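Here are my notes on this model, set out as numbered points. Please read them with the structure open beside you.

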Amino acid sequence: MSDAAHLRTAIQRLSRAFGLLRDDVTPCGVDLPIVQAHALMALLDDADPAGLRVSDLHAQLQLDMSNVSRLGARMEHAGLVVRGVCPDDARAVRLVLTPVGRELAKRVDRRSRARFERLLGAIDPADRATIVGAVDTLAAAIQKTQVPED
């Protein structure tokens, strides 16, 4: 098997084992689409109380703007965020966590941290830094070789 085929198989196994193919629950077990969990985490991590611009969320999630706009609308409909106009640019839209959204984001954060602690606990401590470094290297390579959208 070629190196590329081996890498492909390994990433497919990783994606499946980690639960990335499920669209109804996060890998940490929260009943929520993964993309919404990532959006909630980005909003929770954002220090600006005025919220996060949709364009910034687009950049963080690496999704096209139309998908991020629809995601924001779904999250608003679910009562997780409110959408508002950006004070310094009336054309820009900001998303702000509601109290319900903030609590859900905190729950996702706690469960995610616990999931990664369990995962690290299953890896020999001597191998942990190597594995994390390899994942960082892989993520950087993915960024450099991203296929442009049509």
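1. Start with the contact between helix 2 and helix 4. Val35, Gln36, Ala39, Leu40 and Leu43 in helix 2 meet Leu71, Arg74 and Met75 in helix 4. By residue class, this contact has 6 nonpolar, 1 polar and 1 charged. The two helices pack at an angle of about 85 degrees, and their axes are 11 Å apart. Helix 4 covers residues 65–77. An angle from 65 to 115 degrees counts as roughly perpendicular, so helix 2 and helix 4 are roughly perpendicular to each other.

2. A word on status and overall layout. The model is predicted. The protein chain has 6 helices and 3 strands. Their order along the sequence is α-α-β-α-α-β-β-α-α. The C-alpha trace spans about 55 × 35 × 25 Å along its principal axes.

3. Burial and contact range come next. Of the 150 residues in the protein chain, 29% are buried. Take the contacts with a separation of 6 or more: 46% of them join residues 24 or more positions apart.

4. Helix 2 also packs on helix 5. Which residues make this contact? From helix 2 they are Ala37, Leu40, Met41 and Leu44. From helix 5 they are Gly101, Arg102, Leu104, Ala105, Lys106, Val108 and Asp109. The classes here are 7 nonpolar, 1 polar and 3 charged. The two axes come within 9 Å and cross at roughly 105 degrees. Helix 2 and helix 5 are therefore roughly perpendicular to each other. Note that Leu40 of helix 2 is listed in this contact and also in the one with helix 4.

5. The third partner of helix 2 in these notes is helix 3. Helix 2 spans residues 34–45 and helix 3 spans residues 54–61. They pack at an angle of about 120 degrees, with axes 10 Å apart. That angle makes helix 2 oblique to helix 3. The crossing is right-handed. His38, Ala39 and Ala42 of helix 2 make the contact with Leu57, Gln60 and Leu61 of helix 3. Sorted by class, the contact residues are 4 nonpolar, 2 polar and no charged. Ala39 appears here and in the helix 4 contact.

6. The spacing of these contact residues can be read against helix geometry. An α-helix has 3.6 residues a turn, so residues three or four places apart point the same way. With that in mind, look again at His38 and Ala42 on the helix 3 side. Then look at Ala37, Leu40 and Leu44 on the helix 5 side.

7. Helix 5 deserves its own point. Does its length agree or disagree with the expected span? At 1.5 Å a residue, its 23 residues should span 33 Å, and the end C-alpha atoms are 33 Å apart, so the two agree. Its buried residues are Gly101, Leu104, Ala105, Val108, Asp109 and Arg115. Helix 1, helix 2 and strand 3 (89–97) are among the elements that cover them. Asp109 and Arg115 merit a look, as both are in the buried set.

8. Arg110 is a useful contrast in the same element. Arg110 lies in helix 5, which runs over residues 99–121. Is Arg110 buried or exposed? Its relative accessibility is 52%, so Arg110 counts as exposed. Cys28 is 82 residues from Arg110 along the chain, yet their C-alpha atoms are separated by 9.1 Å.

9. Helix 1 passes the span check too. Its 16 residues, 3–18, should span 22 Å at 1.5 Å a residue, and the end C-alpha atoms are 22 Å apart, which agrees. Just after helix 1 comes Gly19, with a positive phi of about 90 degrees.

10. Gln62 is worth checking for its backbone. Its phi is near 60 degrees, a positive value in a residue other than glycine. Gln62 sits in the loop between helix 3 and helix 4. With a relative accessible area of 47%, Gln62 is partly exposed.

11. Last, the C-terminal side. Val147 is in the segment after helix 6 (125–144). Val147 counts as exposed because its relative accessibility is 67%. Met75, 72 residues away along the chain, has its C-alpha atom 28 Å from that of Val147. Met75 is also one of the helix 4 residues that meet helix 2.

Methods. Residues are numbered from 1 along each chain as its sequence is written. This is a predicted model: local features need pLDDT of at least 70, side-chain atom pairs count only at pLDDT 80 or more; totals for chains, interfaces and linings use all residues. Side-chain values use heavy atoms; hydrogens and water are left out. The expected span of a helix is 1.5 Å times one less than its number of residues. Axes are lines fitted to C-alpha atoms, for helices over the stretch in contact, and angles run from 0 to 180 degrees between N-to-C directions. Angles under 35 degrees count as roughly parallel, over 145 as roughly antiparallel, 65 to 115 as roughly perpendicular and the rest as oblique. A crossing is left-handed if the near helix is turned anticlockwise from the far one by less than a right angle, and right-handed if clockwise. Contact means heavy atoms within 4.5 Å. Ala, Val, Leu, Ile, Met, Phe, Trp, Tyr, Cys and Pro count as nonpolar, Asp, Glu, Lys and Arg as charged, and the others, Gly among them, as polar. Buried means under 20% relative accessible area, exposed over 50%, partly exposed in between (1.4 Å probe, protein chains only).
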